[in-house]
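Let's take a walk through this structure together, one stop at a time. Have the viewer open and follow along.

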Amino acid sequence: MSLNNTIHLKDYTQPSHHIRHTDMTFEIFDEHTLVINRMQITRSDKSAGSIYLNGEGLKLLCVKIDDVKAEGQFTKTDKGMDLICDKDEFVLQVVTKIYPDDNTTLEGLYRSGTILCTQNEPEGFRHITYFIDRPDNMSTFTTTIIAETERYPVLLGNGNLVETEVYAEGRQMVKWEDPFAKPSYLFALVAGDLGVVNDSFTTMSGREIELNIYVDRGNENKCGHAMRSLKNSMKWDEEVYGREYDLEIYNIVAVDSFNMGAMENKGLNIFNSHYVLADEDSATDQNFMGIESVIAHEYFHNWTGNRITCRDWFQLTLKEGLTVFRDQSFSADMNDVSVQRISDVKALRERQFVEDAGPTAHPIKPESYIEINNFYTATIYEKGAEVIRMIHTLLGEAKFRKGMDLYFETFDAQAVRTEDFLWAMHSQGGFDLERFSRWYSQERTPTLEVREYYDGEKQEYRLSLQQVIPENVKGEKQQPYYFPLAFTLLDSKGNGLAWNLEDNRQTLLKNSILIVQEEVEEFLFTGVTEKPILSINNNFSAPFKIEHDQADYGYLMQFATDGFIRYEATQKAAMNAIDMFVESGEVDTRYLENFGTILADNSLGLESKAFMLELPTLSVLMQEQVEIDIVPISKALNVLKHALASRYKDTMLELYRRYHRASNSELDAQSMGERSIKNAVLSYLMVLEDDVINALCIEQYEVSVTMTDRIVALDLLENYTPDLAEERLTHFYERYKDDTLVMNKYLSVLSASEREGTIDRVQALQNDPVYDVKVPNLVRALLGVFARNAVAFHAPTGHGYAFLAEKVIEIDTINPQIASGLTTAFRSYDRLNPENKELMKEALEMILSEKEISANVYEIVQKILD
């Protein structure tokens with residue numbers, strides 16, 4: 001591999017030909033599948049005397065142009081076929097043989113258990129047939145599937161079912177037709193013996209849509225939440241965006257082996273079973289919320305991704321960032337707005353901020369890539385959603401909706417760019433397009449330094465802001481951003497202060513939202529009757545790190561009116577307390593007191609309160625270190641937790657007993673809040689190694705009916721009382737060993753454990769019958785969770801690095817996409833202390849020394865070492 005394989009946005013050219021209609025026939029046999037592909041092709045570039053078709057790993061049987069064999073007219077490589085054809089319009093037929101059972105990459109057509117299914121985003125379709133496999137080639141599709149009836153009674157394709165026929169010798173045929181033009185990455189096929197749950201939805205125009213969720217037989221009773229989430233999503237999209245579903249049928253299929261979370265194929269969504277199957281015995285509250293979010297995300301793609309798609313893969317955030325914003329908004333409307341916002345920002349900080357700080361940082365619209373699979377990242381998705389959210393804030397609800405309507409009306413059935421979306425939004429006014437566009441082209445997380453000055457005599461308050469914009473990964477200077485900044489000026493009792501803004505510029509978008517656009521800016525407020533307490537970046541209005549040395553986090557913990565800011569204050573205060581212990585060995589008593597006010601505050605929603613009681617994770621704390629050293633911050637975190645548990649033991653026990661309802665499995669906000677708060681205080685109490693508390697934890701495991709309570713108890717026992725955990729771990733294993741989704745949780749508990757010997761137990765679990773290295777969910781549960789276990793992975797011995805490197809090399813030969821995902825654990829390399837850095841370097845060089853390393857893994861490891 002070398003950087004000569006890099007693909008650049010600047011080199012984009014339109015395809016010389018377009019495929020207007022594709023008629024595909026799949027004949028499925030035991031050992032192989034025969035694919036007959038007839039394409040109606042139009043030449044776009046009249047000077048083009050040949051057409052290039054992507055195709056990899058295919059056995060080519062026949063090529064015909066207008067039903068005449070193309071003898072000597074094509075040249076084939078391992079990446080595709082160059083076909084000589086000097087015609088403006090022609091029908092090209094390509095016949096290939098593929099072997100789904102041998103396909104471990106899970107791209108193209110492959111087998112998951114007994115099911116044949118596809119995954120074609122971004123470039124899987126070229127593993128099925130020769131095609132112009134790029135998103136700006138949009139074609140209508142007809143799909144005919146022929147297979148053995150007994151083995152494959154269910155045969156599904158995109159669009160609407162138009163024909164079925166029973167053949168002789170136990171075979172059957174079905175034909176699906178999708179009238180909407182789409183890129184090949186949205187093509188889908190499923191064949192198998194599946195159970196199904198049926199329902200229907202009546203659209204706002206009165207059309208009745210057939211809804212089906214297909215699963216392995218026996219799992220039908222776990223689809224209720226997914227179906228409710230789908231119907232809620234369809235209703236919400238009609239009410240909020242005016243978007244109605246456009247086909248007669250909407251199918252979802254759940255499979256165990258899937259590289260991603262789910263795929264929005266037109267009319268035939270294929271899901272990782274993790275995001276479909278749930279009941280109280282096997283799924284946690286977090287699982288239920290994740291299903292609701294992902295079901296919505298894939299449904300919303302029907303308009304933001306399918307009807308309007310990306311011109312090229314550099315535009316990926318066009319569909320993903322926008323659709324994440326839509327699914328976050330949906331989840332906020334379905335649940336608690338403040339809790340949802342805190343959850344979104346937590347995820348951003350723990351995944352995207354880490355990415356932005358490392359060697360693989362990239363803008364939400366990258367300029368280049370070697371392997372596009374590596375760019376399905378938190379930056380493209382979550383940071384992309386934050387950029388859309390800022391546009392929504394700048395425009396307001398009504399204008400944002402008008403901009404979206406214009407986007408849909410103008411670009412329906414087209415493959416477009418981020419610039420086209422921004423044009424539609426900017427048509428409503430409200431922001432500086434040129435400056436705002438920097439969010440698409442610049443990388444790294446910016447910092448906003450905040451200074452305050454108050455003159456009581458003049459009743460003037462000055463707010464000074466300075467943007468600190470890091471250089472990009474190339475060491476180049478980047479420009480200041482244009483963004484909305486929400487704030488509140490509070491008095492000593494937590495009430496909002498009145499003020500006037502002395503500024504001739506249009507810097508105030510609406511009450512309490514500033515527009516910031518310069519590197520250094522100052523805002524003068526008059527008529528401020530007392531020294532204010534500043535609450536800044538309310539609701540996380542812009543994806544900045546805030547440095548505010550004058551902030552009174554103790555006050556904001558008690559009095560902030562913005563739910564996110566109150567959570568933020570608890571996190572900042574805890575981080576300061578941890579820093580204090582690392583530097584002086586002393587516990588911050590003021591923080592302990594302020595924590596107690598949150599604990600005693602009965603006005604807070606229970607889920608919000610549970611979030612506010614959380615201490616920062618090691619991942620977040622590592623981001624604050626100039627040179628990463630796990631040992632001191634891990635020790636400080638444990639000492640602080642013990643101090644809080646000791647001081648508030650009685651209060652915490654009272655909260656636990658008040659809200660512990662072992663038989664309650666409801667999913668309403670109150671019930672989930674009760675589980676959240678009682679498990680939050682239990683996680684503190686368990687550090688005390690108290691027999692009474694240990695007994696409560698054991699009882700919770702043994703008596704509670706929800707997986708939420710059971711898995712929390714099991715995790716706490718594993719980390720704090722391993723002798724007591726052993727019996728419960730064995731019980732859990734025996735009870736659920738035949739349920740792969742629950743075994744993912746079992747593996748995660750053990751690989752996330754921070755007690756000694758975790759790496760040995762993880763290595764041993766690779767030989768357990770429940771583990772299969774070819775199933776991505778199991779790999780993520782065992783190896784992915786271990787790689788995020790800062791204590792075990794960054795152990796001073798370096799064994800964690802060497803172990804993961806060996807696994808990356810092994811899995812790269814099976815599934816490069818999953819292997820490259822594991823390599824992202826090494827992104828902290830450049831900021832490690834010298835001892836750990838040298839050990840990690842050895843592991844990275846071991847990976848890079850492999851002769852057959854994939855492009856997926858090479859790209860990430862090379863960037864880290866560079």
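Start with Arg151, which counts as partly exposed because its relative accessibility is 32%, between the cut-offs of 20% and 50%. Keep in mind as you look that this is a predicted model. The side chain of Arg151 meets that of Asp30 in a salt bridge, with N and O 3.0 Å apart. Along the chain these two residues are 121 residues apart: Arg151 sits in the loop between strand 12 and strand 13, while Asp30 sits in the loop between strand 2 and strand 3 (33-43). Asp30 is partly exposed as well, at a relative accessible area of 46%.

That pair belongs to a longer list, since the count of salt bridges comes to 60. Another one to look up is Glu614 with Lys346, whose closest N and O atoms are 2.8 Å apart. Glu614 is in the loop between helix 13 (606-613) and helix 14 (618-624), and Lys346 is in helix 4 (residues 337-357), so this salt bridge ties together parts that lie 268 residues apart in sequence. Glu614 is partly exposed, with a relative accessibility of 29%.

Now find Lys365 and Glu419, which also form a salt bridge, again with 2.8 Å between the closest N and O atoms. Here the two partners are 54 residues apart, with Lys365 in the loop between helix 4 and strand 23 (368-369) and Glu419 in helix 7 (residues 418-426). Is Lys365 buried or exposed? Lys365 is buried, because its relative accessible area is 9%, and the cut-off for buried is under 20%. Glu419, on the other hand, is partly exposed at 35%. Salt bridges can also share partners, and that is how Glu56, Lys79, Glu123, Arg126 and Asp133 end up joined into one network.

Charges turn up in another arrangement too. Glu547, Asp579, Glu583 and Glu624 gather on the surface in a patch of negative charge. To find one of them, go to helix 11 (residues 563-584), which holds Glu583. With a relative accessible area of 71%, Glu583 is exposed.

Next, the strands. In what order do the 8 strands of the open sheet run? They go 6-5-9-3-2-12-15-14, and the pairing is mixed. At the edges are strand 6 (68-69) and strand 14 (160-166), each of which pairs on one side only. Inside that order you can pick out strand 2 (residues 17-28) and strand 12 (residues 139-148), which pair in the parallel sense over 7 bridges. To line them up by eye, look for Thr22, which stands opposite Phe141 in strand 12.

Strand 16 (residues 189-192) deserves its own stop. Both of its faces are covered: Leu189 and Ala191 on one side, and Val190 and Gly192 on the other, are all buried. Strand 11 (residues 115-119) pairs with strand 16 in the antiparallel sense over 2 bridges, and Cys117 has Val190 as its bridge partner there. Strand 13 (residues 154-157) also runs antiparallel to strand 16, joined to it by 4 bridges. In that pairing, Leu155 stands opposite Ala191.

A few spots in the backbone are worth a look as well. Most residues other than glycine have a negative phi, and most peptide bonds are trans. Which peptide bond is cis? The one from Glu121 to Pro122 is, with omega near 0°. Pro122 is in the loop between strand 11 and strand 12. Leu106 has a positive phi, near 60°, although it is not a glycine. You'll find Leu106 in the loop between strand 9 (89-98) and strand 10 (108-112), and it counts as buried at 4% relative accessibility. Ala413 is another non-glycine residue with a positive phi, of about 65°. It lies in the loop between helix 6 (397-411) and strand 24 (414-416). Ala413 counts as partly exposed, at 49% relative accessibility.

For the last stop, go to helix 28 (residues 855-865), where you'll find Ile864. Ile864 is buried, because its relative accessible area is 4%. Ser828 is 36 residues away from Ile864 along the chain, and their C-alpha atoms are separated by 8.5 Å.

Methods:
Residues are numbered from 1 along each chain as its sequence is written. This is a predicted model: local features need pLDDT of at least 70, side-chain atom pairs count only at pLDDT 80 or more; totals for chains, interfaces and linings use all residues. Side-chain values use heavy atoms; hydrogens and water are left out. Patches are made of residues with over 30% relative accessible area and no salt bridge: like charges are joined within 9 Å, nonpolar side chains (Val, Leu, Ile, Met, Phe, Trp, Tyr) within 5 Å. Accessible areas come from the Shrake-Rupley method with a 1.4 Å probe; for residues, only the protein chains shown count as cover. A salt bridge is a side-chain nitrogen of Lys or Arg within 4 Å of a carboxyl oxygen of Asp or Glu. Lys and Arg count as positive and Asp and Glu as negative; His and the chain ends are not counted. The place of a charge is taken as NZ of Lys, CZ of Arg, CG of Asp or CD of Glu. Buried means under 20% relative accessible area, exposed over 50%, partly exposed in between (1.4 Å probe, protein chains only). Two strands pair if DSSP finds at least two bridges between them.
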